[in-house]
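User: I am new to reading protein models, and I would like to go through one slowly, with the reasoning spelled out at each step.

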Amino acid sequence: MNAVNPTAATTGDLAGWIAPGRTAVLIIDMQVDFASPDGVLGAFIDMSVVAPALAAAQALADSARAAGVPVVFVGLSTTPETDSPAWNERMRRRGGDPDVDAALCRAGAVGSDFYGPKPLPGERVVSKTRYSGFVGTDLDVKLTEMDVDTLVVAGLTTECCVDSTVRDAFDLDYHVFVAADACAAYEADIHAASLKVMELNSAILTDTAAVARAWKGAA
């Protein structure tokens with residue numbers, strides 16, 4: 001099996017697996033500091049590499065809304081008080097400056113705003129301070145309240161916060177699908193490798209077109 005083939009899920013009953021009424025879309029960390037040329041990382045990363053994923057995630061959100069599938073936005077929101085001591089010490093040991101490198105998506109700053117797809121009024125937004133959307137948040141509680149047992153995941157970056165959230169979701173017994181074209185890393189090989197690892201261990205890969213067809217068929 002080709003573990004990075006995003007159409008692999010279409011060989012099964014995708015419409016049933018991700019049927020409205022049991023499924024939510026998670027859009028992870030598509031924020032100014034991670035995705036915009038004007039964000040913190042945009043100063044030294046060419047953000048054109050994530051633009052296709054932003055567009056695909058917008059299409060995914062549109063398809064979900066049309067099918068009555070809830071869209072949940074998960075975003076990093078940090079303060080100096082919530083910064084991870086372990087993360088900061090790791091950065092020091094690698095020769096970095098945590099006072100600079102940790103200052104991503106500061107609460108209340110433009111860098112923490114969602115970029116690309118944005119939540120509509122009434123849609124759920126979950127703020128996190130670690131890689132995973134489930135660590136130190138009420139994401140699991142909110143999904144349980146919605147009777148959700150299945151997730152379609154999009155976001156940035158594939159190998160970091162997407163992977164961490166997917167692993168935790170799987171360990172919490174969610175059925176996890178990753179919309180591969182709606183995720184991105186800053187290096188193509190890292191993106192591909194991360195998708196392969198998730199497919200091997202904790203998720204089924206699909207893409208936004210297959211998801212849209214499945215929800216159209218379910219409707």
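The questions and answers below go through cysteines, one helix, the cores, an aromatic pair and some backbone details.

User: What kind of model is this, and how are its residues numbered?

Analyst: This is a predicted model, in which local features need pLDDT of at least 70 and side-chain atom pairs count only at pLDDT 80 or more, while totals for chains, interfaces and linings use all residues. Side-chain values use heavy atoms, with hydrogens and water left out, and the residues of each chain are numbered, as its sequence is written, from 1.

User: How many disulfides does the structure hold?

Analyst: A disulfide is a covalent bond between the sulfur atoms of two cysteines, and here the term is applied to a pair of cysteine sulfur atoms within 2.5 Å. By that cut-off, the number of disulfides in the structure is zero.

User: Why is Cys160 not bonded to Cys161?

Analyst: The cysteine sulfur closest to that of Cys160 belongs to Cys161, but the two are too far apart for a bond. Cys160 is nevertheless buried, with a relative accessible area of 18%, where buried means under 20%, exposed over 50% and partly exposed in between, computed with a 1.4 Å probe on protein chains only. The bond is therefore ruled out by the distance between the sulfur atoms, which is 4.0 Å.

User: How does the length of helix α8 compare with the expected span, and what is that span?

Analyst: Helices (H or I, at least four residues) and strands (E, at least two) are DSSP runs, numbered from the N terminus, and α8 is the run of 14 residues from 188 to 201. The expected span is 1.5 Å times one less than the number of residues. From its first C-alpha to its last, α8 reaches 20 Å, which is close to the expected 20 Å.

User: Which elements are included in what covers the buried residues of α8?

Analyst: The buried residues of α8 are His191, Ser194, Leu195, Met198 and Glu199, and they line one face of the helix, because they fall within an arc of 135 degrees when seen down its axis, the arc being that of the directions from the helix axis to the C-beta atoms. On the face turned away from this buried side are the exposed residues Asp189 and Leu200. Counting contact as heavy atoms within 4.5 Å, the cover over the buried residues includes α7 (158-171), β5 (175-184) and β6 (204-206).

User: Which element gives the largest share of the largest nonpolar core?

Analyst: A nonpolar core is a set of buried Ala, Val, Leu, Ile, Met, Phe, Trp, Tyr and Cys residues joined through side-chain atoms within 4.5 Å. The largest one has 36 residues, of which Ile18, Val25, Leu60, Val152 and Trp215 touch the most other members. At least two residues come from each of several elements, including β1 (23-28), β4 (150-156) and α9 (208-218). The largest share, seven residues, is that of α3.

User: Which angle lies between the ring planes of Phe73 and Phe114?

Analyst: Rings of Phe, Tyr and Trp (its six-membered ring) pair if their centres lie within 6.5 Å, and planes under 30 degrees apart count as stacked, over 60 as edge-to-face and the rest as tilted; this rule gives three aromatic pairs. Phe73 sits in strand β2 and Phe114 in the loop between α5 and β3, 41 residues apart. Phe73 is buried at 0% relative accessibility, and Phe114 is also buried, at 15%. Their centres are 5.3 Å apart, and the pair is edge-to-face, with an angle between the planes of 65 degrees.

User: Is Asp173, whose phi is positive, buried or exposed?

Analyst: Most residues other than glycine have a negative phi, and most peptide bonds are trans. Asp29, in the loop between β1 and α2, has a positive phi near 60 degrees and is buried, with a relative accessible area of 1%. Asp173, in the loop between α7 and β5, has a phi near 75 degrees. At 65% relative accessibility, Asp173 counts as exposed.

User: What is the omega of the cis peptide bond from Leu156 to Thr157?

Analyst: Thr157 is placed in the loop between β4 and α7. The peptide bond leading from Leu156 to Thr157 is cis, and its omega is near -20 degrees.
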